[in-house]
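Work through the following exercises with the sequence and the model side by side, and try each task before reading its solution.

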Amino acid sequence: MSIKHTPGPWIVCTPSDSTDYLCIEEDSQLVGEASTIAEVNLGGEGISEQIGHGNAHLIAAAPDLLRALKTVLLILSGRFECEHLDFALAAIAKAEGNVR
């Protein structure tokens with residue numbers, strides 16, 4: 001069973017009311033009014049602003065990364081047997097909320 005999530009693409013945006021965090025939202029150009037997926041703090045408690053920006057962009061890329069990894073595994077399945085494919089399957093399971 002897979003966990004459902006807001007489909008991508010997701011984008012990083014700066015809220016108009018604060019510079020203390022970034023938002024990850026649906027791409028409003030595709031969905032109309034976007035809903036917020038997550039908020040990422042910029043600074044404070046051991047996380048630099050640079051790390052906060054990196055975290056926000058990694059989160060925003062998650063739906064694209066998941067789709068890309070599934071596509072690559074579909075192409076490679078049956079052609080290769082190695083621990084790296086198991087690693088990829090475990091990453092997909094983690095993203096979908098399945099314990100492997």
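**Exercise 1.** In which segment is the place of Glu96? Once this is settled, decide whether Glu96 is buried or exposed, and find the side chain that a polar contact joins to Glu96.

*Solution.* In this predicted model, Glu96 has its place in the segment after H3. The next step is accessibility: the relative accessibility of Glu96 is 11%, and because the cut-off for a buried residue is under 20%, Glu96 counts as buried. The last step turns to the side chain of Glu96, which is joined to the side chain of Lys70 by a polar contact of 2.4 Å.

**Exercise 2.** Describe the largest pocket by its volume, by the residues of its lining and by the helices that supply them.

*Solution.* Begin with the volume, which is about 260 Å³ for the largest pocket. The lining consists of 12 residues, and those lying nearest the centre are Ala62, Pro63, Leu65, Leu66 and Ala95. Sorted by class, the lining has 10 nonpolar residues, 1 polar and 1 charged. As for the helices, H2 (49-76) and H3 (83-95) each supply at least two residues of this lining, and H2 gives the most, with 6 residues.

**Exercise 3.** Which residues does a cis peptide bond join, and where is the place of Pro9?

*Solution.* Recall first that most peptide bonds are trans. The bond between Gly8 and Pro9 is cis, with omega at about 0 degrees, and Pro9 itself has its place in the segment before strand S1 (10-13).

Notes
Residues numbered from 1 in each chain as written. Predicted model: local features only at pLDDT ≥ 70, side-chain atom pairs only at ≥ 80, totals over all residues. Heavy atoms only, no water. 1 Å grid on protein atoms, 1.4 Å probe; cavity = no way out; pocket = protein on both sides within 12 Å on 5 of 7 lines; lining within 4 Å. Points joined across faces, edges and corners; volume = space filled by probe spheres on them. Helix = DSSP H or I, 4+ residues; strand = E, 2+ residues; numbered from the N terminus. Nonpolar A, V, L, I, M, F, W, Y, C, P; charged D, E, K, R; others polar. Buried < 20%, exposed > 50% of the residue type's maximum accessible area, 1.4 Å probe, protein only. Polar contact = N/O pair within 3.5 Å; in protein donor to acceptor, adjacent residues only side chain to side chain.
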